[in-house]
Each structure stands twice: as structure tokens, then as C-alpha cells.
Amino acid sequence: MLDSPVQEIKDKIPILDLIQDFVQLKKAGTNYKGLCPFHSEKTPSFMVSPAKQMWHCFGCGLGGDVFEFIKQIENVEFADALKILADRAGVELRRPTSQQIQVDRKKDVLYEINAAAAKYFAKVLWESHEAGAEALEYLRGRGLSDQTIKNWQLGYAPNDYHYLENHLAKSFDKKDIELAGLIIKSDRPQPSTLTPQPYFDRFHDRIMFPIINLHGQVVGFTGRLLHDQPNAGKYVNSPETPIYNKSREIYGLYQAKNAIRKENRALLVEGNMDVITCHQAGFILAVATSGTALSEPQLIVLKRFTDNLLFAFDSDSAGESATRRALELALNAGFNVKIAALGTAKDPDDLIHRGIGLFAKAVEGAGNFLDFFFDQTFAQHQAETVEGKREITKQLAPLIFRIADPITKAHYVRKLAVGINVAESAVWDIINKLSVPKSIRAAAKERRRDRREILEDRLLGLSINLADASFLAQFLPTDFRDENRPLFADLLALRRPADQFRAELLSFSADVDMKEQQLDPQPELAKTASEFQKLLTRQRMLELGSQLALAEQAQNKAAVEQLSQEYAELAKKISN
Ligand SMILES: [Zn+2]
């Protein structure tokens with residue numbers, strides 16, 4: 001195993017550090033505990049052992065080492081998990097497959113191109129380019145310090161159609177620059193098929209905001225027009241590329257993630273400028289969805305860091321249905337949601353410029369999302385008319401429906417009934433008729449271990465921990481799941497398990513299980529073996545029962561006799 005990078009990577013990446021990037025963990029004895037990111041749960045059954053460098057979930061049964069964790073959470077195969085962790089550990093991989101080399105090289109080239117473009121845009125902004133100077137003045141005029149402009153790697157794309165193309169073409173293939181979304185192939189017909197189709201820059205006369213992923217790499221850009229132009233969108237984003245997935249990236253999260261985890265809340269704003277102004281003013285929890293409506297994948301990413309979202313909307317979009325949908329998504333994903341009222345300010349950027357204290361007050365005084373929507377909805381509709389009552393109810397009932405706490409729920413039902421002046425029972429009728437939308441997390445993965453799996457794993461784990469294989473002798477290899485069968489055979493034969501990994505995992509899992517439930521392993525081993533045996537017997541009896549019915553139907557006397565006998569023996573065994 002001398003040139004295997006696996007161990008080297010494991011040594012360099014403490015499992016706790018890695019998993020804490022995805023799951024909030026609390027110390028529990030020598031282990032750490034949190035809500036499982038792989039199944040939906042309210043009480044934590046996800047355990048991490050820094051000593052063993054393993055994780056395990058008692059709810060859904062998933063578990064393993066750092067590689068297994070990345071495979072599951074990023075939904076990738078081992079080879080990709082290896083690559084991701086090697087990057088993180090700064091370990092060079094010696095022998096990746098040739099196909100992977102190609103994919104990785106392509107992605108690496110795209111990262112390099114984006115990094116080079118960001119550098120170039122910044123150079124134009126800072127280095128005396130005529131229009132660059134104007135862009136710099138614009139940013140300073142928006143209240144950004146030079147340090148902030150540098151920290152966020154802001155730049156300027158000049159009003160020219162080939163500047164970036166010519167610059168990048170010195171180092172990169174134009175096809176790759178096109179794939180990175182930075183240049184576009186012209187659709188102008190060419191005089192001859194021999195003339196290559198010309199390209200032009202995607203971004204011109206725009207302030208450039210690099211979009212940085214969680215690993216600190218530039219994956220794309222948002223460009224904001226410096227001078228208004230007819231028929232040109234104020235904001236333009238990079239298109240989706242192999243390294244940029246719009247619905248997953250969250251602007252500012254790379255910079256904000258540690259603060260968000262520490263304070264266990266995130267401040268969600270709408271624009272990139274809002275994020276930057278917030279950070280400059282000390283609100284380092286701010287992130288933005290940057291050009292898209294808040295999406296489920298973004299919420300799943302945020303959920304790794306916190307359960308608490310504080311929305312600070314632009315005042316003109318606060319009442320929009322897109323905003324309401326974003327809120328509903330967040331509620332469905334199990335976030336606690338609060339909304340900061342910005343008063344007459346246009347957006348967070350505007351309020352911060354009126355006074356940092358004003359914004360701080362709005363953030364700290366952020367109220368329950370429902371009060372906010374009550375005010376909004378009642379302001380928009382006539383609560384006296386039948387139409388108004390219906391519309392108000394239509395908007396608010398789904399939100400009230402999602403409140404888990406019964407007292408809070410009753411409070412808002414009453415508030416709505418009083419507000420539209422109808423009987424409370426009528427509101428309850430409507431609320432009770434609504435159905436539960438599938439939570440995005442529950443829909444993502446709903447896998448629970450059955451009792452048989454739990455007993456089987458525990459039996460093997462305890463046998464290892466107590467170095468006692470005597471309880472295994474009563475079982476057959478076929479009583480075990482495929483993944484446990486070799487381990488069972490090794491333990492029974494008192495051999496060192498060939499599958500060390502599985503052995504360690506089950507050992508760890510049984511160990512934590514005992515400690516968690518304060519059970520004594522010795523008697524628990526005997527009990528587990530007997531319960532597992534009983535369960536297998538019952539399952540076998542069920543099978544026999546249906547075989548027996550078939551044999552009787554076929555009037556196969558010999559078979560009926562044999563099956564009945566076996567059934568009777570099992571029944572006797574179970575009653576003992
Ligand atoms: Zn789980």
C-alpha cells in the first residue's frame with residue numbers, strides 16, 4: 001500500500017473538520033453527534049468518532065470513513081471522492097484512470113481560465129485603463145473600500161468585443177474559453193468554410209463579480225452594466241458549465257461559511273453588492289442567491305451550515321410571489337425563517353449607507369416570517385370583501401399550515417380569523433384540508449434500516465468488540481447480507497477479518513450504540529443473537545407458510561408434508 005494515497009489523505013484530513021463543513025455537530029462523550037444529512041430526522045442519530053476517524057448514522061445505517069462521507073454527500077463515485085479529498089489534503093494522485101484524467105484536466109482548465117479571467121478583469125479595473133478607472137470610481141462611489149474591492153476580486157470587463165478573448169487565447173484554447181462561458185461563437189455566416197467562426201467576449205462594459213465555490217475557486221461571473229444600455233440586461237451571469245451550476249452556488253458562502261456555522265444563522269440578501277456591503281460593515285453572515293430565485297439545491301448546501309435563515313429582501317420584491325415561494329421552500333426544508341424589515345430602504349446596501357446601526361437593528365429585530373406576511377397580505381387586499389377574505393386566506397393558510405408548534409399555529413389561525421372576521425373553525429377547516437408537501441430532504445433520501453439489519457450489524461459488532469465468536473456458530477452465511485458475509489465467515493473461523501473496514505465500522509457502530517443506550521455489551525450480545533435468530537425464524541416461517549399454501553393448492557402431498565414438518569419444528573424452536 002506504499003503508493004496508495006488513501007491512507008495519506010486520511011491522515012491529512014481530520015474527519016471532524018471535514019464533516020463539520022456539512023453537518024452541525026455537538027460533542028457527546030468522546031464522539032460527536034448531529035442530525036443525519038442523509039435522512040430526515042428530528043433527533044440526532046448521526047455520530048462521528050474522531051478517534052476512529054469514522055462516522056455512522058443509527059437511523060439510516062450509512063457510515064464509513066471520509067471517502068464514504070464524500071461519496072454520499074456529493075453523490076459521487078469513489079474515484080471522484082478520492083479526487084475531491086486529495087485536493088483538500090494537497091495530496092497528489094499518482095494513478096488516476098485515463099478517463100478521469102480527461103475529465104479532471106478539462107475541469108482544471110476551466111478553473112484556470114476563470115482564475116485568469118478574474119485576474120485580468122481586476123487588472124483592467126486597477127491599472128489605469130481609461131474605462132477601468134471609471135468603474136473603480138463607480139465602486140468607490142458605492143461606498144466600497146479599496147481593500148473590499150480587492151478582497152472580493154472585483155474587476156471590469158471593458159467595452160470591447162475581443163479584449164478578453166485575445167488575452168486568454170495567449171494561454172488557452174479558444175474552445176475551452178468558450179466552454180468556460182467567457183467567449184461566444186458568432187453566428188455570422190462566414191465567407192468560406194475555411195475561415196474559422198469568430199468569437200467575441202460575453203461580458204462588455206460590466207463590473208465583474210467572480211463567483212467563488214466552497215473550495216475557493218472561481219467558477220463563473222456576474223457582470224453588472226456600468227453604463228445603461230438599451231436591450232442589455234443590467235446583470236448577466238456566466239452560463240452553466242461543467243464547473244458552474246447556477247442552482248447550487250451561493251454568492252459569498254465561501255467567505256461567510258465559518259461565521260455562519262459559528263453563529264448558526266445565515267443572512268440571505270438578494271444582490272452581490274448587498275453581500276459585499278454587508279461584509280464590509282461587519283455583517284459577515286451575508287450570502288446571496290445571485291441572480292436566481294432561491295433553489296432547493298442551494299438550501300441543501302446552506303443546511304450543512306445552519307438551520308436558521310434571516311431574509312433581508314429588497315423592499316420591492318418582498319411582496320412578490322417568487323419571494324414567497326423561496327420562503328416556502330426554506331420552511332419545507334426545515335429552516336427557521338425570520339425576516340428583517342428594511343422600512344423605507346430600497347435594499348440592505350441602501351440601509352447600511354443610511355447607517356450601520358439601522359441595519360443592525362433590522363437584523364436583530366427580525367421578526368417571525370408570518371407576522372411579516374400577515375402585514376404584507378393585509379396591506380395588499382381588502383379584508384372586508386369576500387374576494388379579499390378568500391385571497392388573504394389563500395395566501396396565508398399554507399404558511400400557517402407549516403407551523404409545527406400547535407400553540408403558535410393556533411395563535412395564527414386566530415389572528416387570521418379575526419383579521420378577516422370569520423369563525424376560527426372555518427379557518428381550521430381550510431388548514432386541516434391542506435396536505436403535506438414532501439420535504440426536500442425527505443424526498444432526497446428516505447432510507448431507514450429495518451430491524452433485521454440493525455440486529456445483524458450489532459451481532460457482528462459486539463462479537464468483534466468482545467472478541468467472542470461463540471454466538472455466531474448458530475447462524476449460516478446466508479443469514480447475513482452480502483456486505484457482511486465475508487466478515488461473518490472470518491469471525492467464525494477466528495481469522496483476522498479481510499474486510500478491516502467493515503469490521504471497524506460495525507465495531508464502532510456497536511460501541512457507540514451500547515454507550516448511547518447505556519447497555520452492557522456482554523448480556524446484549526447474547527440477547528442480540530437470540531433476537532436475530534428469532535427474527536430469522538419468523539421470516540422463514542412466513543416463507544414456509546406461503547410455500548405451504550402453494551403446495552396445498554397443487555395437491556403436492558409430499559411437499560405439504562415436508563413443509564408442515566419444517567414449520568412445526570420452527571414453531572417449536574421459537575416457543576423455547
Ligand atoms: Zn441517517
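How many bridges join β9 to strand β10 (residues 218-225)? Seven, with the two strands running antiparallel. Keep in mind that this is a predicted model. Here are my notes, starting from that pair.

1. **The hairpin.** β9 and β10 make a hairpin, with five residues between them. In the turn, G216 takes a positive phi of about 90°, so have a look at that spot in your viewer. I212 of β9 stands opposite V218 in β10.

2. **The other partner of β9.** Strand β6 (residues 155-157) also pairs with β9, in the antiparallel sense and over three bridges. If you want a residue to anchor on, G155 has M208 as its bridge partner in β9.

3. **Burial along β9.** Strand β9 covers residues 206-212, and seven of its seven residues are buried. In a regular strand the side chains alternate between the two faces of the sheet. Here R206, M208, P210 and I212 point one way, while I207, F209 and I211 point the other way. Both sets are buried, and yes, that list includes R206.

4. **The five-stranded sheet.** Further along the chain there is an open sheet with strand order β13-β12-β14-β15-β16 and mixed pairing. Its edges are β13 (286-288) and β16 (367-368), each of which pairs on one side only. Inside the sheet, β12 (residues 266-269) and β14 (residues 308-311) are parallel partners over three bridges. L268 has F311 as its bridge partner in β14.

5. **The cores.** The largest nonpolar core has 95 residues, and A266, L267, V287 and A330 touch the most other members. Helix α5 (residues 98-126) supplies the largest share of this core, nine residues. There is also a second, separate core of 43 residues, with F46, V48, V512 and L525 among them. As a general point, nonpolar side chains in soluble globular proteins tend to be buried together.

6. **Around A330.** What does A330 contact, leaving aside its neighbours within four places in sequence? The list is L294, L299, L309, F335 and V337.

7. **Domains.** The assignment splits the chain into domain 1 (5-89), domain 2 (103-237), domain 3 (253-372), domain 4 (381-441) and domain 5 (451-575). The centres of domain 1 and domain 3, taken over C-alpha atoms, are separated by 28 Å.

8. **The annotated stretch.** The unreviewed UniProt entry annotates residues 36-60 as "zinc finger region: CHC2-type". In the model, residues 36-60 are 0% helix and 32% strand. The end C-alpha atoms of this stretch are 8 Å apart.

Technical notes
Residues numbered from 1 in each chain as written. Predicted model: local features only at pLDDT ≥ 70, side-chain atom pairs only at ≥ 80, totals over all residues. Pairing = 2+ DSSP bridges. Helix = DSSP H or I, 4+ residues; strand = E, 2+ residues; numbered from the N terminus. Domains from an automatic or database assignment. UniProt positions renumbered as here; feature names shortened; annotations may be inferred. Core = buried A, V, L, I, M, F, W, Y, C linked by C-beta atoms within 7 Å. Buried ≥ 20, exposed ≤ 12 C-beta atoms within 10 Å, placed from the backbone. Contact = placed C-beta atoms within 7 Å.
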